[in-house]
Amino acid sequence: MEKRGLFMKQFLRNFIIIALISFIFQAAWEYLSCGLFYAMDTKTATSPLMWSATFGDVMMTVTLYVILSFVNGNSNWIVNKWKSKEYIIISLYALFLSFYFEISALYSGRWAYSEAMPLFPNTNIGLIPVIQLLILFPFTFFISKFIIKAINK
C-alpha cells in the first residue's frame with residue numbers, strides 16, 4: 001500500500017507541474033501566434049477561442065504524460081534519461097493531434113489562417129501548429145524534469 005501511495009504522490013506532483021509549465025508555454029505560444037497566423041474576428045488575449053486552444057493544448061500534454069507513464073510503468077519516467085521510444089511516441093502523438101485538430105477546425109470553420117501562415121508541404125495545414133506541438137511537448141517535459149529533480153533533492 002505504501003508503494004502505491006508513493007506512486008500516486010509522485011504522479012499527482014508531476015501531473016500538476018507539467019500542467020502548469022504547459023499552460024505557461026502554450027498560452028504564450030497561442031498569444032504570440034494567434035494575431036499573426038490566424039484570421040479571426042477576435043485577436044485579443046481574452047479571446048475564448050485562444051483560451052480554449054490553450055486548455056486543449058494543456059490537456060493533450062498531460063494526456064501524453066499519462067500515456068508515457070503507462071508505457072514506462074513509472075510515473076517518474078520524466079526524470080530518467082529518455083529513450084528513443086519516448087521521442088518517437090511524443091513525435092507521433094504531436095503530429096497526429098496537430099493534423100487532426102487543424103483539419104477538424106479548418107473543416108468546421110472554427111478558425112482560418114491568415115496569409116502569413118506557412119503551410120505544411122502539399123497540404124492546407126498550417127506549419128506553425130504542427131511545430132508548436134513538436135516543440136512544446138518535449139520542451140515542457142524537459143523543463144518539468146528539472147523542476148521535479150530540484151524538488152526531489
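This is a short guided tour of one protein chain, from the whole fold down to single residues.

**Stop 1: the whole chain**

Start with the full view. The model is predicted. Colour the chain by secondary structure. How many helices and strands does the protein chain have? There are 4 helices and 0 strands. Follow the sequence from its start and the pattern reads α-α-α-α.

Now turn the view around. The C-alpha trace spans about 55 × 35 × 25 Å along its principal axes. Next, show the surface. The protein chain exposes about 8900 Å². Carbon and sulfur atoms supply 70% of that area. Of the 153 residues, 41% count as buried.

Switch to contacts. Take those with a sequence separation of 6 or more. Residues 24 or more positions apart account for 73% of them.

Then select the charged side chains. The protein chain has 12 positive and 7 negative ones. The centres of the two sets lie 18 Å apart.

**Stop 2: the largest pocket**

Which helices supply residues to the lining of the largest pocket? Select α1 (2-37), α2, α3 (84-108) and α4 (127-152). Each of these helices supplies at least two lining residues.

The lining has 23 residues. Show Ala53, Asp57, Phe101, Glu102 and Trp111 as sticks, as these lie nearest the centre of the pocket. About 380 Å³ of space lies inside the largest pocket. A general point helps here. Rolling a probe the size of a water molecule over the atoms shows where empty space is left.

**Stop 3: along helix α2**

Keep Asp57 on screen. Asp57 sits in helix α2 (residues 48-72). Is Asp57 buried or exposed? Asp57 has a relative accessible area of 8%, so this residue counts as buried, since the cut-off for buried is under 20%. Look at what surrounds Asp57. Leaving out residues up to four places away in sequence, Asp57 touches Ser22, Gln26, Glu30, Gln132, Leu133 and Phe137.

Now select Thr54, also found in helix α2. Thr54 is buried, because its relative accessibility is 0%. What does Thr54 touch, not counting residues up to four places away in sequence? Its contacts are Phe23, Gln26, Ala27 and Glu30. Gln26 and Glu30 are also among the contacts of Asp57.

Move on to Val66, another residue in helix α2. Val66 has a relative accessible area of 21% and is partly exposed. Beyond residues up to four places away in sequence, Val66 touches Phe11 and Phe15. Next, draw a line from the C-alpha of Val66 to the C-alpha of Ala105. The line covers 25 Å, and the two residues are 39 residues apart along the chain.

**Stop 4: helix α3**

Select Tyr100 in helix α3. Tyr100 is partly exposed, with a relative accessible area of 46%. Then add Gln10. Tyr100 and Gln10 are 90 residues apart along the chain. Their C-alpha atoms are separated by 31 Å.

**Stop 5: the loop between α3 and α4**

Where does Asn122 lie? Look in the loop between α3 and α4. Asn122 is exposed, because its relative accessibility is 84%. Check the backbone here too. Most residues other than glycine have a negative phi. Phi of Asn122 is near 65°, a positive value in a residue other than glycine.

**Stop 6: helix α4**

Select Ile135, found in helix α4. Ile135 counts as partly exposed at 41% relative accessibility. Add Pro118 to the view. The C-alpha atoms of Ile135 and Pro118 are separated by 17 Å, with their places 17 residues apart along the chain.

Finish with Thr140, which is also in helix α4. Is Thr140 buried or exposed? Thr140 is buried, with a relative accessible area of 0%. Its contacts, leaving aside neighbours within four places in sequence, are Ile18, Ile21, Ser22, Phe25 and Thr61. Ser22 also appears among the contacts of Asp57.

Last, select Ile24 alongside Thr140. How far apart are Thr140 and Ile24 in sequence and in space? The two are 116 residues apart in sequence and 9.3 Å apart in space, C-alpha to C-alpha.

Note on methods: Residues are numbered from 1 along each chain as its sequence is written. This is a predicted model: local features need pLDDT of at least 70, side-chain atom pairs count only at pLDDT 80 or more; totals for chains, interfaces and linings use all residues. Side-chain values use heavy atoms; hydrogens and water are left out. Buried means under 20% relative accessible area, exposed over 50%, partly exposed in between (1.4 Å probe, protein chains only). Contact means heavy atoms within 4.5 Å. Accessible areas come from the Shrake-Rupley method with a 1.4 Å probe; for residues, only the protein chains shown count as cover. Lys and Arg count as positive and Asp and Glu as negative; His and the chain ends are not counted. The place of a charge is taken as NZ of Lys, CZ of Arg, CG of Asp or CD of Glu. On a 1 Å grid over the protein atoms alone, a cavity is a set of points where a 1.4 Å probe fits but cannot get out, and a pocket is an open set with protein on both sides within 12 Å along at least five of seven lines; lining residues have an atom within 4 Å of a point. Grid points are joined across faces, edges and corners, and a volume is the space filled by probe spheres set on the points.
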